[in-house]
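Visitor: I should like to understand how the labels attached to this model are justified. Please take me through the reasoning.

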Amino acid sequence: MVTAGVVLLVVYVGSPKSVSKVSEVEISSSSTISTPMNSTYSWVSTSTTIESDTINEQSTEETEPSLLEPSELASSPPATEPNNPFAPSEPTPSPPAKPIHAPEVYPAAPEPPNTGANNGSIPRVRPLWGLTYSPYNTDGSCPDVNTVAAQLQKVAAATGHIRLYSTDCSQLSSVLQAITRNNIALDVYAGIWLAAGPTRMQADLDQFVAAAKTYGTGLIKGLSVGNEDIFNGMNEATLIGYINQVRARLQAEGLSGIPIYTTEQDAKFSRALVAVSDVVEINVHTIFDGYFANLDASVQSVIQRANHIKNNVAGGKPVRIGETGWASAGNTGPSPLSLANEIAYAQKFKCAAAAAGFEYFYFEAKDAQWKAGAVVSEQNFGIFNVGFTPKFDFGLLNNC
């Protein structure tokens with residue numbers, strides 16, 4: 001999900017700009033995924049309280065932009081965990097772990113400037129535990145640190161924790177610099193991108209070490225080595241090797257206090273991956289399911305699957321939901337996509353996750369128009385639009 005700017009295309013090889021999400025239930029097509037912010041998903045859908053907002057839009061095929069050495073990953077059908085209570089055609093359910101915290105009070109950071117009609121709707125109580133953040137400009141180029149700082153001040157009104165997928169575009173350094181200089185109340189969960197191969201992985205790791213040493217590790221609460229790489233065709237032994245390599249490097253650099261793990265679809269998170277992960281972080285989307293009942297059922301499916309991982313796979317380690325969300329436009333099959341349903345899903349999921357005691361990263365901060373050629377739904381998961389104006393009143397998410 002990462003796209004480097006004109007300058008960084010020379011430095012970071014093979015960071016594609018677009019990725020489509022594909023249901024594990026209906027894997028009739030595969031997507032090329034080599035960037036951090038794009039992921040392929042599987043789900044067990046269900047719900048909608050606002051069927052009048054259903055979008056009857058035909059889905060469009062994504063085209064991979066022509067970048068340097070793109071890495072193509074083949075989607076593979078979900079593996080079923082032992083004793084999976086779900087039918088074989090559905091992805092393995094998952095479990096919860098770390099208790100979710102009560103809504104955090106918005107700190108004494110500067111109030112976001114009123115640059116759009118909806119900016120005044122940002123509440124002073126942050127409604128979401130976490131949010132995925134992709135910093136790229138609409139044209140796919142890299143933002144400067146001032147742009148990142150302005151965006152993060154708005155993000156900090158919605159959450160206290162952000163998840164990054166890579167270090168390209170100097171994004172980790174820019175984020176840590178912006179938070180430090182502007183006293184923004186955010187914790188950072190960093191990422192290393194594996195899909196583009198070992199050269200890109202090593203570059204991400206080098207930048208992570210440099211950023212951690214420059215700005216300290218106080219703000220860095222975790223490091224995900226990869227994102228859905230098993231689902232996209234990577235051999236499990238290869239992924240485990242990468243995780244061990246990163247762990248050894250951080251220990252050698254005196255950075256061993258940072259939790260290290262991978263992020264994978266729940267149906268693909270094996271006990272072998274649990275053994276090398278400090279946290280079991282799973283991506284669970286129901287928006288791509290092959291059937292839909294209502295939004296309540298879609299949300300409950302996410303919680304049910306997370307609980308399955310907690311109770312049957314995690315072995316007592318904390319479980320966190322690395323991604324879940326709903327698009328405001330497009331077509332992913334039977335699930336009705338609209339802004340009204342994006343709001344309803346976010347509100348219902350936030351409340352259900354809090355009740356179940358799960359930490360999570362909601363997908364995602366800004367609409368991803370930078371994903372050139374991506375299907376409409378892939379570009380419209382954000383809670384902010386491309387101008388970083390809230391798409392709805394975030395206070396609605398606190399109505400549990």
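**Labels and their grounds**

Guide: Cys-400 has 66% relative accessibility and therefore counts as exposed, since the cut-off for that label is over 50%. Please bear in mind that the model is predicted.

Visitor: What makes Cys-351 and Cys-400 a disulfide?

Guide: Their sulfur atoms lie 1.9 Å apart, and the rule asks for a pair within 2.5 Å; the pair therefore qualifies. The angle about the S-S bond is -90°, and the link is left-handed. Cys-351 belongs to helix H8 and Cys-400 to the segment after strand S10 (359-362), 49 residues apart.

Visitor: Why is Cys-351 called buried?

Guide: Its relative accessibility is 15%. Buried means under 20%, so Cys-351 receives that label.

Visitor: How do you know that Cys-142 is joined to Cys-169?

Guide: The S to S distance is 1.8 Å, which satisfies the limit of within 2.5 Å. Cys-142 sits in the loop between strand S3 (131-132) and helix H2 (145-155), and Cys-169 in the loop between strand S4 (161-163) and helix H3 (171-182), so the bond ties together parts 27 residues apart in sequence. By this rule the count is two disulfides.

Visitor: Why is Cys-142 called partly exposed, and what label does Cys-169 receive?

Guide: Cys-142 has 24% relative accessibility, and partly exposed covers values between the cut-offs of 20% and 50%; the label therefore follows. Cys-169, at 4%, counts as buried, because the value is under 20%.

How values were computed:
Residues are numbered from 1 along each chain as its sequence is written. This is a predicted model: local features need pLDDT of at least 70, side-chain atom pairs count only at pLDDT 80 or more; totals for chains, interfaces and linings use all residues. Side-chain values use heavy atoms; hydrogens and water are left out. Helices (H or I, at least four residues) and strands (E, at least two) are DSSP runs, numbered from the N terminus. Buried means under 20% relative accessible area, exposed over 50%, partly exposed in between (1.4 Å probe, protein chains only).
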